[in-house]
Amino acid sequence: MRTTQKQMENYNGPEKPQRRTLLNRLWALLGLLACIELSWLTGSILKSRKTKTDSADGENYIDAGRIESFKPGDVKAIPEGLLYVSRLDDGSFIALSRTCTHLGCAIPWNEENQKFVCPCHGSMFDRTGVVINPPAIRPLDYFPVRIENGLIRVNTDKPIKREIFEPTQVTQV
Ligand code: FES
């Protein structure tokens, strides 16, 4: 069917105001969903960062699991503490900050290469947190570990800075 001259004159184009209103509502809805998501995420993070307080000394600990859940050589992320627990070959444990000592990027454990490799500038650290490739010059900070009734408990009050690895930094079973 052909469009007549009259129909063309009456045609005002697509209904822009209605479409704009619809788009505005859609954006508002997306914004609202983003706000809900953000508050849920924030709540989850805050909730997950809650640690258990040891009644004996009033310090904060995170339970990292039972001894038997770690084989010698295992490195496990403990996201709620922003740290890793590493079981060394002799069976001892060390808890390492996941913050790179170069410029502070979060550093992942590379299971395949058995080392921490910083995605920012390529620093590498071994399972004890010692630098094996610069630009970082200092080992990863560590947290004191306590073993109670077969449970590995990490004191998260504050990471301890160090210049070298020393055997006193690990906890024997
Ligand atoms: S922040 Fe990790 S190498 Fe620079």
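Colleague: Helices (H or I, at least four residues) and strands (E, at least two) are taken as DSSP runs and numbered from the N terminus. How many of each does the chain have?

Modeller: There are two helices and twelve strands in the chain, and read along the sequence they follow the pattern α-α-β-β-β-β-β-β-β-β-β-β-β-β. This is a predicted model, in which local features need pLDDT of at least 70 and side-chain atom pairs count only at pLDDT 80 or more, while totals for chains, interfaces and linings use all residues. Residues are numbered from 1 along each chain as its sequence is written, and side-chain values use heavy atoms, with hydrogens and water left out.

Colleague: What is the mean pLDDT of the chain?

Modeller: The mean pLDDT (the predictor's confidence in each residue, from 0 to 100) is 84, and 75% of the residues reach 70 or more.

Colleague: And where does pLDDT stay under 50?

Modeller: That happens over residues 43-51, for which the model has seven contacts (heavy atoms within 4.5 Å) beyond four places in sequence.

Colleague: Let's turn to the sheets. In what order do strands 3, 4, 5 and 10 stand?

Modeller: These four strands form an open sheet in the order 3-4-5-10, with antiparallel pairing, where two strands pair if DSSP finds at least two bridges between them. Strand 3 (75-78) and strand 10 are the edge strands, and each pairs on one side only. Strand 5 (residues 93-97) pairs with strand 10 over two bridges in the antiparallel sense, and alanine 95 has phenylalanine 143 in strand 10 as its bridge partner.

Colleague: Serine 86 caught my eye there. Is it buried or exposed?

Modeller: Serine 86 counts as buried because its relative accessibility is 0%, with buried meaning under 20% relative accessible area, exposed over 50%, and partly exposed in between (1.4 Å probe, protein chains only). This serine lies in strand 4 (residues 83-87), and for the chain as a whole, buried residues make up 31% of the 173 residues.

Colleague: Which residues does serine 86 touch?

Modeller: Leaving out residues up to four places away in sequence, serine 86 touches Asp74, Val75, Ser92, Phe93, Ile94, Leu96 and Arg127. Valine 75 is eleven residues from serine 86 in sequence, and the two are 4.3 Å apart in space, C-alpha to C-alpha.

Colleague: There is another open sheet, with the order 6-7-8-9. Which of its strands stand at the edges?

Modeller: The pairing in that four-stranded sheet is antiparallel. Strand 6 (109-110) and strand 9 (131-133) stand at the edges, each with a single partner strand, so one side of each is left without a neighbour in the sheet. Strand 7 (residues 115-117) and strand 8 (residues 124-125) pair over two bridges in the antiparallel sense, and phenylalanine 116 has phenylalanine 125 in strand 8 as its bridge partner.

Colleague: I'd also like to go over the backbone. What is the phi of glutamine 114?

Modeller: Most residues other than glycine have a negative phi, and most peptide bonds are trans. Glutamine 114 is not a glycine, yet it has a positive phi of about 55 degrees. Glutamine 114 sits in the loop between strand 6 and strand 7 and counts as partly exposed at 31% relative accessibility.

Colleague: Where is asparagine 149, then?

Modeller: Asparagine 149 lies in the loop between strand 11 and strand 12, and it too is a non-glycine residue with a positive phi, of about 50 degrees. Strand 11 (residues 145-148) and strand 12 (residues 151-155) pair in the antiparallel sense over four bridges, and their hairpin has two residues between the strands. Glutamate 148 stands opposite leucine 151 in strand 12, whereas asparagine 149 counts as exposed at 75% relative accessibility.

Colleague: Which residues are joined by a cis peptide bond?

Modeller: Proline 134 and proline 135 are, with an omega of about 25 degrees, and proline 135 is in the loop between strand 9 and strand 10 (142-143).

Colleague: One last topic, the helices. Where is tryptophan 27 placed, and is it buried or exposed?

Modeller: Tryptophan 27 belongs to helix 2 (residues 16-48) and is exposed, with a relative accessible area of 61%.
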